[in-house]
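Subject: Structure handover

Dear colleague,

I am passing on to you the structure that follows, together with an account of what was found in it. Please keep it open beside this message as you read.

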Amino acid sequence: MEALKRFFPYFRYLKYVWGRFALGLIFGVLFSLSSGLGLPIMAETVFPILFGNTENAPKWLCRIVETYFANDVSGGFLLLCSFGIPATILIRVLSGWANGYYMNYAGISVVQQLQKDVFSKIQDIPFAFFKKSQTGEIIASVLNYPNEIRRVVVDMSNDIIKQPLTLIAAVSFLIYKSFTSESFSMAFIGVLTVPILIFPIRQIAKYLSKRSKQLVAVGETLNSLVIETVQSPMEVRAFNLEKRQKARFSQLLDTFFTFTIKSVRSSLMISPSIEFISSVGFGIALYLGVKNGMQQEEFFALFIALYMAYGPIKRLGQMHGLLRQLEGPLTRLESILNFEDNLKAGVKSKAIVKEIPDKIEGEIEFVNVSFSYEKGEAVFENLNFKIEKGKVFALSGKSGVGKSTLVNLILRFYEPTRGHILLDGENLAHFDPKEIRQKIAYVPQMPLLFNDSLMENIRIGNPNASDRDVIKAAKEANALEFIENSPNGFATIIGEKGSTLSGGQRQRIAIARALLKDSPILIFDEATSALDENNRDVFYEWIKKCKDKSIIIIDHTKSAQDFPREWINLKF
Ligand SMILES: Nc1ncnc2c1ncn2[C@@H]1O[C@H](COP(=O)(O)OP(=O)(O)OP(=O)(O)O)[C@@H](O)[C@H]1O
Ligand SMILES: [Mg+2]
């Protein structure tokens, strides 16, 4: 039960499809009825009449044959009965089909709703999460693990209700009978071996849970390895890593195989152990029952009740095993869906959220700001400076000194460990991070382009911009010439991560994107590192023309150092 409880929150995903899910369950029942009862009932009731064995046939049926068919079973009645067989089978196949269809419908829908939730959670999750997680883990959490949850929520739903009910019915019958007959109650002692079953089931399930966590970890590392290799084919070949990657891959696969097969071995042990222990109980019941003068009919009743009880126990045992086996994927999903923001990124408390004004000056001030990614390892301490409106603020300093980190704080990717940052005199933490980012055009150190046209890649800066504005921004970023020389001009698709462009071209697209955004604050984190001198000069010419924006430039080149504006050299 404990194991199932963890899955409860996921049952709410059924709410979108509960109608179809219920239909699926109903058709499932119809299917079992028509297969389990339809033909056997016909065999028991109708066939005796057809073959002239009227004593064994039920009276009501004889009467029907008498009244409507004048006791003639070779005519209309035979025809009706012969068609009864395909009719029953038709109900069986149709309800089987409908059951499959509606259950799959509900299942796929649950998976997709869950996938949407996980995916959108990932969009809002603080960066601290990505630092802790491998890509493989995130991909598996979005694409694979929701499918595992479906196995419990949809596929097992039938059994969750049916099996305990059957078990309770059988056990109640046994208890009732043992109160009414002494020999039966003696035999019932044999049945008391049943609780022993709990021990092997629990032991196996615990083992499965452990294996499941290991399997998840290995599976994710495998994912990450594939992604890494596919994403950086050049690095892999340039450093002759092919052999190493192959070896790592097959080694991981071997580990995965070992864990899987161990897990299979254990889960397959659940049914046999239940069967064996229950047969021992049955033997004891037989022995004690007969010794105490049990009658044959009583023994058959006991036999049937026990048989009915063992079925559900076996199924529940398997279910318990499966639940524990799914704990690995479940834990992963929970780690995303319940991720608490311990770096305090995002909005701290609703009470202090202020609307960011439409028009902002763009004055940024650092007041005693200290920051560390890991506890105790400060990137910088007590930083105090001010970036005034209309000023260009150039940051330089040794690699790894914390320049990009400083920018990350302004964008509120992270929060200062101490002190605060003011935007137009108001604490940045009081604003919604999304709104702050709306006011900032940011070109990161490694800009990401999407597998889309050049036009759309620039338009990301401002989705409402017209084609003309995009072209203007491209011109200002000195990107127009190479775009026009591309095979399809602005419509050229640039491949994943802009892989068909040169480093400098990629940077110019990213700059154009930022210029198009037309925000009061601009941040360029080594945005010109891959540009030639001519391109860089064009960029700085544009910067010089900006009179009403606050601009932060991180740049080591001479062009930046010659720049006649405010200058801060970050040194620690
Ligand atoms: N996500 C992170 N988690 C932990 N430490 C980090 C993280 N990002 C950066 N660091 C560390 O913080 C320090 C500052 O990094 P940052 O990227 O700000 O340097 P930088 O001045 O921009 O360097 P560069 O000129 O090479 O771009 C470095 O020592 C780096 O190792
Ligand atoms: Mg940097």
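A good place to begin is a pair of facing residues, Leu422 and Asn427, the latter of which belongs to strand β5. Please bear in mind throughout that this is a predicted model. The strands β4 and β5 are paired in the antiparallel sense over two bridges, and they make up a hairpin with two residues between them, where Asp424 in the turn has a positive phi of about 50 degrees.

Leu422 also leads into the rest of the sheet, for in β4 this residue is the bridge partner of Glu365. A further pair between these strands is formed by Val367, which stands opposite His420 in β4. Altogether, β1 and β4 are joined in the antiparallel sense over five bridges.

On to the pairing of β1 with β2: strand β1, which covers residues 364–372, pairs with β2 in the antiparallel sense over six bridges. Within this pairing, Val369 has Leu383 in β2 as its bridge partner, while Ser372 is matched with Ala378 in β2. These two strands likewise form a hairpin, with five residues between them, and Gly376 in the turn has a positive phi of about 85 degrees.

Taken as a whole, this is an open sheet of four strands in the order β2-β1-β4-β5, with antiparallel pairing. Because β2 (378–387) and β5 (426–427) stand at the edges and each has a single partner strand, one side of each is left without a neighbour in the sheet. Helix α16 packs on the sheet, where it touches β1, β2 and β4 (418–423), and the direction of the helix makes about 115 degrees with that of β1.

The helix α16 (residues 403–410) matters for the ligand as well, since what it gives to the shell around ligand 1, three residues, is the largest share. The residues that surround ligand 1 are Lys131, Tyr373, Val379, Ser399, Gly400, Val401, Gly402, Lys403, Ser404, Thr405 and Gln445. Sorted by class, this shell has three nonpolar, six polar and two charged residues.

Finally, a word on the chain as a whole. Its secondary structure comes to 23 helices and nine strands, and the chain is divided into domain 1, which covers 2–337, and domain 2, which covers 364–570. The C-alpha centres of domain 1 and domain 2 lie 55 Å apart. Along its principal axes the C-alpha trace of the protein chain spans about 110 × 55 × 55 Å. The radius of gyration of the protein chain is 36 Å, whereas a compact globule of 572 residues would have one near 25 Å.

With best wishes

Note on methods: Residues numbered from 1 in each chain as written. Chains lettered and ligands numbered in written order. Predicted model: local features only at pLDDT ≥ 70, side-chain atom pairs only at ≥ 80, totals over all residues. Domains from an automatic or database assignment. Near = placed C-beta within 6 Å. Nonpolar A, V, L, I, M, F, W, Y, C, P; charged D, E, K, R; others polar. Pairing = 2+ DSSP bridges. Contact = placed C-beta atoms within 7 Å. Axes fitted to C-alpha atoms, helices over the stretch in contact; angles between N-to-C directions. Rg over C-alpha atoms; globule rule 2.2 N^0.38 Å.
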